[in-house]
Amino acid sequence: MDITNDSNLLLILLPLLVLQLILLVVALIDLLKRQETNGPKWVWLLVILFINILGPIVYFLWGRTKR
């Protein structure tokens, strides 16, 4: 393996990993602060944690109730 290819791959994937981490943290904080959600909170917790980048996005689109 060539080390330059590995570092190029890391440079490509790093922004996606940072985005995923930010979405995960913000969605979890929002879920914990809300009194009500569209559906059980434990289901949204599983969606956020186990469906990588799309889980938090789905939660923000359909899981939150209007305040």
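Let's start with the charges: searching the whole structure turns up two salt bridges. Keep in mind that this is a predicted model, and all the values here are computed from it.

Asp30 is the place to look, along with its two arginine partners. One bridge joins the side chains of Asp30 and Arg34, at 3.0 Å from N to O. The other pairs Arg64 with Asp30, here at 3.3 Å from N to O. That second pair does some long-distance work: Arg64 sits in the segment after α3 while Asp30 belongs to helix α1 (residues 3–33), so the bridge ties together parts that are 34 residues apart in sequence. Put the bridges together and you get a network linking Asp30, Arg34 and Arg64.

How covered are these three? Asp30 has a relative accessible area of 12%, so it counts as buried, the cut-off for that being under 20%. Arg34 is buried too, with a relative accessible area of 5%. Arg64 comes in at 34%, so this one is partly exposed.

Now move over to the two helices α2 (41–50) and α3 (54–63). Their axes run 7 Å apart, and the helices pack at an angle of about 145°. On the α2 side of the contact you'll find Trp44, Val47 and Ile48, and these meet Gly55, Pro56, Val58, Tyr59, Trp62 and Gly63 from α3. Sort the residues of that contact by type and you get seven nonpolar, two polar and no charged. The two polar ones are the glycines, Gly55 and Gly63, because Gly is counted among the polar residues in this scheme.

There's also a greasy side to this part of the model, facing outward. A nonpolar surface patch of about 1100 Å² is built from Trp42, Val43, Leu45, Leu46, Leu49, Phe50, Ile51, Leu54, Ile57, Leu61 and Trp62. The elements that supply two or more of its residues are α2 and α3, and α2 is the top contributor, with six residues. Trp62 is worth a second look: it is part of the patch, and it also takes part in the contact of α3 with α2.

For a single residue to zoom in on, try Leu61. This leucine lies in helix α3 and is one of the patch residues. Is Leu61 buried or exposed? Its relative accessibility is 56%, so Leu61 counts as exposed, since the line for that is drawn at over 50%.

How values were computed
Residues are numbered from 1 along each chain as its sequence is written. This is a predicted model: local features need pLDDT of at least 70, side-chain atom pairs count only at pLDDT 80 or more; totals for chains, interfaces and linings use all residues. Side-chain values use heavy atoms; hydrogens and water are left out. Patches are made of residues with over 30% relative accessible area and no salt bridge: like charges are joined within 9 Å, nonpolar side chains (Val, Leu, Ile, Met, Phe, Trp, Tyr) within 5 Å. Accessible areas come from the Shrake-Rupley method with a 1.4 Å probe; for residues, only the protein chains shown count as cover. A salt bridge is a side-chain nitrogen of Lys or Arg within 4 Å of a carboxyl oxygen of Asp or Glu. Helices (H or I, at least four residues) and strands (E, at least two) are DSSP runs, numbered from the N terminus. Buried means under 20% relative accessible area, exposed over 50%, partly exposed in between (1.4 Å probe, protein chains only). Axes are lines fitted to C-alpha atoms, for helices over the stretch in contact, and angles run from 0 to 180 degrees between N-to-C directions. Contact means heavy atoms within 4.5 Å.
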